[in-house]
Amino acid sequence: MAQLLDGKKLATTMQAKMKVEVQKIKENDGTAPGLVVILVGEDAASKIYVRNKETAAGKMGIYSKVDRRAADITEKELLALIETYNQDPRFHGILVQLPLPAHIDEEKVIMAIDPKKDVDGFHPLNIGRLFAGDPLMVPCTPYGIMKLLAAYDISVAGKNAVVIGRSNIVGKPMAHLLLQENATVTITHSKTKNLPEIARQADILVAAVGVGHLVDESYVKKGAVVVDVGMNRDANNKLIGDVDFAAVEPIADFITPVPGGVGPMTITMLLYQTIKAYNMQKSGV
Ligand code: NAP
């Protein structure tokens, strides 16, 4: 039977420590780390994510603002808005909730955020620094997974890691973070042949696919560490992961649940990086 990698518990512990850190900042500096979240349009899932971020930031004493804009905002207006927040010293972190309406170029928007305020870690400069092995701001989901592995003393060096999925926000940065910790990394995707066979080589298997219950017992080696990033809805609208938990849990040594695994760590790392951004900007880095 596998041990649970309890992201909810670790997130609670980390957030309690961060709350104390924010309190100290307020006492010493008379100001607080600030995060602005820009939400464009009415996407239902985005609204929930943004509300969760706002609530968590508030609990921790981080100064947060949600700037809600109509779906018909022009690209030019959005870029100008980002520039005002780049210049606003009250906000150390800027996050533009994705996806954006089709008429807006997401690349351009991400590029417009000051890399020092890019708490999502999506700016090409931050991606480049991660790939060069000198990370500054790191995409929050894979960063949270690395914290989770470390919290359970799971060593990564020398292990075979297989990442299923190659998105810019999860799969690719995940692979680079594992590589940086000296894992031997294989990245797989929808065109990969013999995926179960490759996945079975993994000591550490990360599924970031977006296909509910794709990973069953045929993908998992006995004793593997299985990390499930997926957030999918089944026919009954129940939240399910990319991993068939019931089938895999008896084989794995460690496994993340969905919900309560990777998700709570993602939001925690966003706030962690907001505090980091504050400290960097204060010290002029
Ligand atoms: P994405 O951009 O859609 O990327 C999915 C990746 O999976 C792609 O690289 C795709 O391959 C690959 N893929 C799709 N079907 C596959 C298959 N049958 N076999 C092998 N590979 C396959 O998704 P994402 O943004 O990375 O997110 C992945 C999942 O994680 C989603 O369920 C998302 O909701 C969830 N997520 C969760 C959190 C969290 O905090 N828990 C954060 C972010 C995302 P190609 O490149 O060849 O198309």
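**Asp67, helix H5 and the salt bridges of a predicted model**

Asp67 is placed in strand S3, which spans residues 63-69. The structure described here is a predicted model. Asp67 has a relative accessible area of 6%. Because the cut-off for burial is under 20%, Asp67 counts as buried.

The side chain of Asp67 has polar partners. One polar contact, of 2.6 Å, runs to the side chain of Tyr85. Another, of 2.8 Å, runs to the side chain of Arg69. Asp67 and Arg69 also form a salt bridge, with N and O 2.8 Å apart. Arg69 has a relative accessible area of 34%, so this residue is partly exposed. The pair therefore joins a buried residue to a partly exposed one.

The surroundings of Asp67 include residues farther along the chain. With neighbours within four places in sequence set aside, Asp67 is in contact with Val36, Val37, Ile38, Leu39, Leu81 and Tyr85. Tyr85 thus appears both in this list and as a polar partner of the Asp67 side chain.

Salt bridges were then considered across the model. In general, side chains of opposite charge can pair when their charged atoms come close. The whole structure holds 9 salt bridges. One of them links Arg68 and Glu54 through their side chains, at 4.0 Å from N to O. This pair connects distant parts of the chain. Arg68 belongs to strand S3, whereas Glu54 belongs to helix H2, residues 44-60. The two residues are 14 residues apart. Arg68 is exposed, with a relative accessible area of 53%. Glu54 is partly exposed, at 32%. In strand S3, then, Asp67 is buried, while Arg68 is exposed.

Lys221 and Asp203 form a further salt bridge, in which the closest N and O atoms are 2.6 Å apart. Lys221 sits in the loop between strand S7 (204-207) and strand S8 (225-228). Asp203 sits in the loop between helix H8 (195-199) and S7. The pair therefore ties together parts that are 18 residues apart in sequence. Lys221 has a relative accessibility of 30%, so Lys221 counts as partly exposed.

Helix H5 covers residues 124-131, and Asn126, Ile127 and Leu130 are buried there. Viewed down the axis of H5, the buried residues fall within an arc of 100°, so they line one face of the helix. A general rule of helix geometry is relevant here. An α-helix has 3.6 residues a turn, so residues three or four places apart point the same way. The buried residues of H5 pack against helix H7, residues 171-180. After H5 comes Gly133, which has a positive phi near 80°.

At the level of the whole chain, the domain assignment gives two segments. Domain 1 covers residues 30-116, and domain 2 covers residues 140-263. Their centres, taken over C-alpha atoms, are separated by 29 Å.

An unreviewed UniProt entry annotates residues 139-281 as "domain: Tetrahydrofolate dehydrogenase/cyclohydrolase NAD(P)-binding". Over these residues, the chain is 36% helix and 17% strand. The end C-alpha atoms of this stretch are 19 Å apart.

Conventions. Residues numbered from 1 in each chain as written. Predicted model: local features only at pLDDT ≥ 70, side-chain atom pairs only at ≥ 80, totals over all residues. Heavy atoms only, no water. Domains from an automatic or database assignment. Helix = DSSP H or I, 4+ residues; strand = E, 2+ residues; numbered from the N terminus. Buried < 20%, exposed > 50% of the residue type's maximum accessible area, 1.4 Å probe, protein only. Polar contact = N/O pair within 3.5 Å; in protein donor to acceptor, adjacent residues only side chain to side chain. Contact = heavy atoms within 4.5 Å. Arc of directions from axis to C-beta. UniProt positions renumbered as here; feature names shortened; annotations may be inferred.
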